[in-house]
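Please work through the exercises below with the coordinates open beside the text, and try each task before reading its solution.

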Amino acid sequence: MMQSKNLTLSFSSESSIDEELKRESTADAITISISYLVMFAYISLTLGDSPRLSSVYISSKILLGLAGVMLVMLSVLGSVGFFSAIGVKSTLIIMKVIPFLVLAVGVDNMCILVHAVKQQPLELPLEGRISNALVEVGPSITLASLAEALTVLLDFLLQVTAFVALIVFDFLRAEDRRIDCIPCIKISPSYADSDKELAIEPVNH
């Protein structure tokens, strides 16, 4: 605020949620891209067989790893598109957290599936090896994914219930002048007032 003898000028600025989402998404685009590239390199090295110079161009799984990362990205885009279609706007949590969470789960499942296929006898046809691998690891992958989804749901429920109650208790503790981490000790009002006066007292040189 600017003041003069006969004029007072006040100004303020604000940004909408859409502008903030756009700015944050653009700012984190490099970080997200680097993370996906690192995961892509990790998948390509993990899914491939033991590197041999003579057959590295055959045993490597670069294309398979790229396809796996693309599937993870498509799942994230699909979920965002679905909620956008029903009128739910994207939030910063979707832009920052969900891609990494889905990527971590997807990478783990892909590694388990490929490893299970490699463990099958080579005498079996490819269809039989794929079928046996799905029989072996399919239930565990399904249960793990359901458990992770349930964990996210329970975490949300605890945040909007138990953590909100803890926030109330913490604010009540502060208003009652009780020490953090040792709430059984209460500071007297006179001590708190004197400490406040010392904090705002100007320093004279």
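The exercises that follow concern a predicted model, and each task is followed by a stepwise solution.

**Exercise 1. Salt bridges**

Task: Determine how many salt bridges there are, and which residues are linked in a network of salt bridges.

Solution:
1. The criterion to apply is a side-chain nitrogen of Lys or Arg within 4 Å of a carboxyl oxygen of Asp or Glu, and by this rule the count comes to 3 salt bridges.
2. Asp176 pairs with Arg178 at an N to O distance of 2.9 Å, and Asp176 also pairs with Lys186, where the N to O distance is 3.2 Å.
3. Because Lys186 lies in strand S4 whereas Asp176 sits in the loop between H7 and S3, this pair ties together parts that are 10 residues apart in sequence.
4. Taken together, Asp176, Arg178 and Lys186 form a linked network of salt bridges.
5. As for accessibility, Asp176 is partly exposed at 28%, Arg178 is partly exposed at 30%, and Lys186 is partly exposed at 48%.

**Exercise 2. A pair within one helix**

Task: Find the residue with which Asp170 forms a salt bridge, and state how many residues apart the two lie in helix H7.

Solution:
1. The partner of Asp170 is Arg173, with the closest N and O atoms 3.2 Å apart.
2. Both residues belong to helix H7, where a spacing of 3 residues corresponds to about one turn of the helix.
3. With buried meaning under 20% relative accessible area, Arg173 counts as buried at 16%, whereas Asp170, at 34%, counts as partly exposed.

**Exercise 3. Positive phi**

Task: Decide whether Arg177 is buried, partly exposed or exposed, and do likewise for Cys181, after locating each residue in its loop.

Solution:
1. Arg177 is not a glycine, yet it has a positive phi of about 60 degrees, and its place is the loop between helix H7 (126-175) and strand S3 (178-179).
2. The relative accessible area of Arg177 is 36%, so this residue is partly exposed.
3. Cys181, likewise not a glycine, has a positive phi of about 75 degrees, and it lies in the loop between S3 and strand S4 (182-186).
4. Since exposed means over 50%, Cys181 is exposed, its relative accessible area being 74%.

**Exercise 4. Contacts of an asparagine**

Task: Establish which residues Asn109 touches, leaving aside residues up to four places away in sequence.

Solution:
1. Asn109 is located in helix H6, which covers residues 98-118, and it counts as buried at 16% relative accessibility.
2. With neighbours up to four places away in sequence set aside, Asn109 touches Ile141 and Ser145.

Methods. Residues are numbered from 1 along each chain as its sequence is written. This is a predicted model: local features need pLDDT of at least 70, side-chain atom pairs count only at pLDDT 80 or more; totals for chains, interfaces and linings use all residues. Side-chain values use heavy atoms; hydrogens and water are left out. Helices (H or I, at least four residues) and strands (E, at least two) are DSSP runs, numbered from the N terminus. Buried means under 20% relative accessible area, exposed over 50%, partly exposed in between (1.4 Å probe, protein chains only). Contact means heavy atoms within 4.5 Å.
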